[in-house]
Amino acid sequence: MTSADPVLQEAVQVSTTARLHMGFFDLHGGLGRRFGSIGVSLDRPGTVLTAWRSDRFSAEGPGAQRAVKVAEKIAHALKLDGGMHMRLSEVIPEHSGLGSGTQMSLAVGLALNRLYQLDLILRDVAVLTERGARSGIGLGTFAEGGVVIDGGRGPQTLVPPVIARADFPEEWRIILIFDHADVGVHGNEEVQAFRSLGEFPAGVAAELCRRVLMQALPALAEHDLETFGAAIRELQERTGDYFAPVQGGRYASKRVAGVLEWLGGQGVDCLGQSSWGPTGFAVLPNQAQAESLLAALQVRFADETQLAFLLCKGRNRGGVLRDATQQDTMDLSI
């Protein structure tokens, strides 16, 4: 079978979207669990993959090589006899801090699972593809969308468990800030980064946990962006300064840092960097204010050609898997 003659009636399509990783709240780990994080699912950018069975693994479209590598890794681990052709119509930008690797791995793994009836759940795919090493946010947003909190890693943890989930307020909007000339820390560089950093202060970790439990989550329930933003800013400042020796400052990109500084001066309550960056974010209370601020950003930073901005929303549902009948069949648990 070639890419030109897919058996479309046997095809499966998986759609998933980016996520913001807003910060870790226990990098100390003195209670037996380390990391713990909060993040939110976005309605875009996304990854859309259509796949069908084949005699070998192949792919076309953006991210094709990465998709094939993931599929072959799973097939090798499971001793799967067979292949899969994949067509990628869009992908989340790689190494931007938006969870592209996890979402690609889950999309490929779940397509393979459905085509070959492998009886895998999300956690299985994550373990097979070595995703969720420090954060379960990507799995949680794929499963249910919304705002997700994971409980970090303990001695026996395979994938950090999701311990809380809330809807992201429908009226809030998010502006993403891209630096196309930079990439975030990833892969072996990320592993080495954690090994090189000193001990995170236990007192600061305790304060951040309190911020998440008694500030961020209640503020979400009450749609209080100012208070939610205060909690996220504290996470961003404390963890950003901790990671500064590795990423060159509180934020990985100096250009994104400049935008965030300007936004703070405009009174934006909730802003920061997603994961290792370089992508930054700002959360606004409604569409009108977001559009106004976006227009101002495009004028203010018109000369910074490496920068780009995207207006999006939170997504309060998970990834979608469709079979040949175009029926949503996403029924896998974490």
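Axes are lines fitted to C-alpha atoms, for helices over the stretch in contact, and angles run from 0 to 180 degrees between N-to-C directions. The model is predicted, so local features need pLDDT of at least 70 and side-chain atom pairs count only at pLDDT 80 or more, while totals for chains, interfaces and linings use all residues. Residues are numbered from 1 along each chain as its sequence is written, and side-chain values use heavy atoms, with hydrogens and water left out.

**Exercise 1.** Describe how helix α2 and helix α4 cross, helices (H or I, at least four residues) and strands (E, at least two) being DSSP runs numbered from the N terminus.

*Solution.* Begin with the axes: those of α2 (residues 100-116) and α4 (residues 137-144) come within 9 Å and cross at roughly 50°. The two helices are therefore oblique to each other, since angles under 35 degrees count as roughly parallel, over 145 as roughly antiparallel, 65 to 115 as roughly perpendicular and the rest as oblique. Next, list the contact (heavy atoms within 4.5 Å): α2 contributes Thr102, Gln103, Leu106, Ala107 and Leu110, and α4 contributes Gly138, Leu139, Thr141 and Phe142.

**Exercise 2.** Work out the strand order of the open sheet of 4 strands, and place helices on it.

*Solution.* The order is β8-β9-β7-β10 with antiparallel pairing, where two strands pair if DSSP finds at least two bridges between them. The edges are β8 (270-273) and β10 (307-312), each pairing on one side only. Finally, helix α7 (residues 225-247) lies across β8 and β9 at about 20° to β8, whereas helix α9 (residues 287-300) lies across β7, β9 and β10 at about 170° to β10.
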